[in-house]
Amino acid sequence: MSQFNYYDHIASIYDQTRWMTESIAEEVADYILELVDANPHTSFLEPGVGTGLNVFPLVKRGYSVTGIDISREMLDQFSQKLNGIPQNLTLIQADASQLSFPDDSFNVVLTVHMVHTVSHWQQFLDEIERVLKPGGFYLNAQWITPPARMEFERYFRAMLAKDKNTKAAHTGNEGINVDDYFRKKGYRSNYGIAKRWLVSNTIEELLGFLKARAYGLCWQTSSEMFYRKVEEFEVFCLEHYGSLEAKVSSEAQFEIWAYAVR
């Protein structure tokens with residue numbers, strides 16, 4: 001992973017600038033618990049846990065949860081939600097791609113839109129397989145960005161791309177196919193959509209997220225150039241959307257590929 005981690009800079013606003021709310025996370029947790037046939041002794045690991053959005057409901061319900069993240073600031077945000085760290089939660093500041101646990105340590109490993117950030121993703125998946133207990137589950141999940149927000153972001157990316165000093169976005173490994181990798185190992189995936197929900201924002205809100213530099217694309221150029229581009233983009237938004245109070249709405253979803261370990 002890169003030494004510079006923009007999550008350190010946005011930890012305090014991370015949850016507000018995403019579209020995964022705590023109530024949605026509770027419903028996703030219900031889906032996950034049923035999917036893995038959880039019992040009170042089921043243990044969970046999430047590499048790249050961040051502020052804990054995905055596993056916060058599991059901690060509150062008393063399940064044993066271990067989270068790894070390279071950003072201390074993100075982990076601090078997670079612990080603040082709980083007014084400290086309860087006995088059933090272990091938080092580790094480390095490279096989330098390196099799993100320094102014994103064999104057969106966890107019943108469930110959950111990754112959410114993070115495998116593409118790992119330098120050696122096949123080794124990482126092998127490590128996930130190693131730390132899972134027999135009969136355990138690997139859940140490879142992602143939040144799907146609401147299309148209206150994705151379109152808004154594409155407009156801004158195009159504007160940034162006109163600046164020759166803008167760094168190319170780091171998208172991680174190209175050509176990753178987790179499902180194909182596990183199928184070659186003899187596993188079959190069980191794909192499901194845990195939750196669909198409507199996300200609505202005003203253009204002013206979305207611009208506010210950009211001004212707070214809440215996303216990786218906001219760190220691809222100098223601060224001076226970035227804020228100049230934001231000013232240009234605000235003018236574009238007024239012309240394109242008609243008003244900063246205009247509201248855009250579209251559907252997000254949380255999807256999961258589940259692999260049962262032999």
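How many disulfides does the structure hold? In this predicted model, the number of disulfides is zero. Cys218 takes part in none, and the nearest cysteine sulfur, that of Cys237, is 13 Å away. For Cys237, in turn, the closest cysteine sulfur is that of Cys218, and the 13 Å between them is too far for a bond, because a disulfide requires two cysteine sulfur atoms within 2.5 Å. Both residues are covered by the rest of the protein: Cys218 has a relative accessibility of 0% and counts as buried, and Cys237 is likewise buried, with a relative accessible area of 0%.

The strands are considered next. Seven strands form an open sheet in the order β3-β2-β1-β4-β5-β7-β6, and the pairing within this sheet is mixed. The edges are occupied by β3 and by β6 (189-202); each of these has a single partner strand, so one side of each is left without a neighbour in the sheet. On average, and with direction ignored, neighbouring strands of the sheet are turned by 15° against each other.

Strand β1 spans residues 43-47, and five of its five residues are buried. In a regular strand, side chains alternate between the two faces of the sheet. In β1, Ser43, Leu45 and Pro47 point one way, while Phe44 and Glu46 point the other way, and all are buried. On one pairing, β1 and β2 run in the parallel sense and are joined over five bridges. Within this pairing, Ser43 has Ser64 of β2 as its bridge partner, and Glu46 is matched with Gly67 of β2. Another pairing links β1 to β4, again parallel, through two bridges. Here the bridge partner of Phe44 is Val108 in β4.

Strand β2 covers residues 64-69 and is mostly covered, with five of its six residues buried. Besides its pairing with β1, β2 is joined to strand β3 (residues 89-93) by five bridges, and the two strands run parallel. One of the matched pairs consists of Ile68 and its bridge partner in β3, Ile92. Helix α5 (residues 72-81) belongs with β2 and β3 to a β-α-β unit, which is right-handed.

Strand β4 (residues 106-112) is also mostly covered, as six of its seven residues are buried. Six bridges join β4 to strand β5 (residues 132-144), and these strands run parallel. Phe106 stands opposite Leu132, a residue of β5. Between β4 and β5 the chain passes through helix α6 (residues 121-131), and this β-α-β crossover is right-handed.

At the β6 edge, the direction of pairing is antiparallel: 13 bridges join β6 to strand β7 (residues 247-260). Trp197 stands opposite Ala252 of β7 in this pairing. Helix α7 (residues 147-161) packs on the sheet, where it touches β6 and β7, and its direction makes about 105° with that of β7.

Helix packing was examined for α9 and α10. Two packed helices are described by the angle between their axes and by the distance between the axes. Helix α9 comprises residues 203-211 and helix α10 comprises residues 223-241; they pack at an angle of about 170°, with their axes 11 Å apart. The two helices are therefore roughly antiparallel to each other, since angles over 145 degrees are classed in this way. On the α9 side, the contact is made by Ile203, Leu207, Leu210 and Lys211. On the α10 side, the contributing residues are Phe226, Tyr227, Val230, Phe233, Glu234, Cys237 and Tyr241. Cys237, which is in this contact, is buried at a relative accessible area of 0%.

Technical notes
Residues numbered from 1 in each chain as written. Predicted model: local features only at pLDDT ≥ 70, side-chain atom pairs only at ≥ 80, totals over all residues. Heavy atoms only, no water. Buried < 20%, exposed > 50% of the residue type's maximum accessible area, 1.4 Å probe, protein only. Helix = DSSP H or I, 4+ residues; strand = E, 2+ residues; numbered from the N terminus. Pairing = 2+ DSSP bridges. Right-handed = clockwise from strand over helix to strand, strands pointing away. Axes fitted to C-alpha atoms, helices over the stretch in contact; angles between N-to-C directions. Parallel < 35°, antiparallel > 145°, perpendicular 65-115°, else oblique. Contact = heavy atoms within 4.5 Å.
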